[in-house]
Amino acid sequence: MNLTLKIWRQKNSNDKGSIVDYPVTDISPDMSFLEMLDVLNQELIEKGEEPVAFDHDCREGICGTCSLYINGRAHGPSTRITACQLHMRSFKDGDTIYIEPWRAKAFPVIKDLIVDRTSFDRIQQAGGFISVNTSGNTQDANAIPIEKENADKAFDAATCIGCGACVASCKNSSAMLFVSAKVSQFALLPQGQVEATDRVLNMVKQMDEEGFGNCTNTGACEVECPKGISLENIARMNREYLAASFKG
């Protein structure tokens, strides 16, 4: 396939940035989207030009780093996949493809298609964990009975990979789907009950301080989430937050 790529180029966070056109030829439909970008970058390097900076790691849909906004959709035209799992057969010969970074105040552009998502890390650090009891009276987690329905819901919430597609697809740049998934995976389990009150209050507070917007209730986040995290988690987080506010 022969394609025209319109890629956002930005030298650093202070640079204005702009869309730059790049033609690519002889692209195999069996290539992944990131492999196609590798081909482009190899050509740019051979020409002595600066390659396009983009995030990637596992290329197996697990790490969540390949945060690309492709033709107006987070991770591209397919659903329930990350950009690294998107294949070029999803496009046609002669297509023009727009490739941009996530657009959110809380995700400032570092360079080209790479954004700073450490705001997610700080939200996690605010409460997305369970403190370990090292008193010598620790209890084996396997010895604690958990209803299967709750265990399944907790596992479903825990599949969130923190890619930020929910933020990128929300007109308010809300992180509530991400935060609610991290709250839910502990709120549904007995191990997470000890710190439940502080957890939800601290994580929501940190989310607001990072500059994320509020939920729009449009559901775009769930649609674009590569792991299909349910909006039910946002409702659960709201209930947890309300209950914690009364306790506080």
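## A Covered Helix

In helix H5, the buried residues are Met176, Leu177, Phe178, Val179, Ser180, Ala181, Lys182, Val183, Ser184, Gln185, Phe186 and Ala187. This description refers to a predicted model. H5 spans residues 176-187, and twelve of its twelve residues are buried, so that the helix counts as mostly covered. From its first C-alpha to its last, H5 reaches 15 Å, which is close to the 16 Å expected for its twelve residues at 1.5 Å a residue.

Which elements help to cover the buried residues of H5? The cover includes helix H2 (118-127), helix H3, helix H4 (165-169), helix H6 (196-210), helix H7 (220-224) and helix H8 (232-247).

## The Nonpolar Cores

In soluble globular proteins, nonpolar side chains tend to be buried together. The largest nonpolar core of this model has 36 residues, and Val179 and Phe212 are those with the most contacts inside it. Helices H2, H4, H5, H6 and H8 are the elements that give two or more residues to this core. The largest share comes from H5, which supplies seven residues.

Val179, a buried residue of H5, touches Ile123, Met203, Met207 and Met237, when residues up to four places away in sequence are not counted. A second core, separate from the one described above, has 28 residues. Among its members are Met36, Phe54, Ile70 and Leu113.

## Strand S1 and Its Partners

Strand S1 covers residues 3-9 and is mostly covered, with six of its seven residues buried. How does S1 pair with strand S2, in the parallel or the antiparallel sense? The pairing of S1 with S2 (residues 18-24) is antiparallel and extends over seven bridges. One of the residue pairs here is formed by Thr4 and its bridge partner Pro23 in S2.

S1 also pairs with strand S5, which comprises residues 96-100. These two strands run parallel and are joined by four bridges. Within this pairing, Leu5 stands opposite Ile97 in S5. As a general principle, the side chains of a regular strand alternate between the two faces of the sheet.

## Salt Bridges

Side chains of opposite charge can pair when their charged atoms come close. The structure holds eleven salt bridges. One of them joins the side chains of Arg59 and Asp38, with an N to O distance of 2.8 Å. Arg59 lies in the loop between helix H1 (33-46) and strand S3 (69-70), whereas Asp38 lies in helix H1, so the pair ties together parts that are 21 residues apart in sequence. Arg59 is partly exposed, with a relative accessible area of 28%, and Asp38 is also partly exposed, at 31%.

Two further salt bridges lie within helix H3 (residues 148-158). In one, the closest N and O atoms of Lys148 and Asp152 are 2.6 Å apart. In the other, the side chains of Glu149 and Lys153 meet at 3.3 Å, N to O. Lys148 and Asp152 are four residues apart, about one turn of the helix, and this spacing also applies to Glu149 and Lys153. An α-helix has 3.6 residues a turn, so residues three or four places apart point the same way.

Is Lys148 buried or exposed? Lys148 counts as exposed, at 61% relative accessibility, while its partner Asp152 is partly exposed at 33%. In the other pair, Glu149 is partly exposed at 49% relative accessibility, and Lys153 is partly exposed with a relative accessible area of 30%.

## Cysteines without Disulfides

How many disulfides does the structure hold? The number is zero. A disulfide requires two cysteine sulfur atoms within 2.5 Å. For Cys63, the closest cysteine sulfur is in Cys58, at 3.6 Å, which is too far for a bond. For Cys166, the closest cysteine sulfur is in Cys221, at 6.5 Å, again too far for a bond.

The surroundings of the two cysteines may also be stated. Cys63 is partly exposed, at 25% relative accessibility, whereas Cys166 is buried, at 8%.

Technical notes. Residues are numbered from 1 along each chain as its sequence is written. This is a predicted model: local features need pLDDT of at least 70, side-chain atom pairs count only at pLDDT 80 or more; totals for chains, interfaces and linings use all residues. Side-chain values use heavy atoms; hydrogens and water are left out. Buried means under 20% relative accessible area, exposed over 50%, partly exposed in between (1.4 Å probe, protein chains only). Two strands pair if DSSP finds at least two bridges between them. A salt bridge is a side-chain nitrogen of Lys or Arg within 4 Å of a carboxyl oxygen of Asp or Glu. The expected span of a helix is 1.5 Å times one less than its number of residues. Contact means heavy atoms within 4.5 Å. A nonpolar core is a set of buried Ala, Val, Leu, Ile, Met, Phe, Trp, Tyr and Cys residues joined through side-chain atoms within 4.5 Å.
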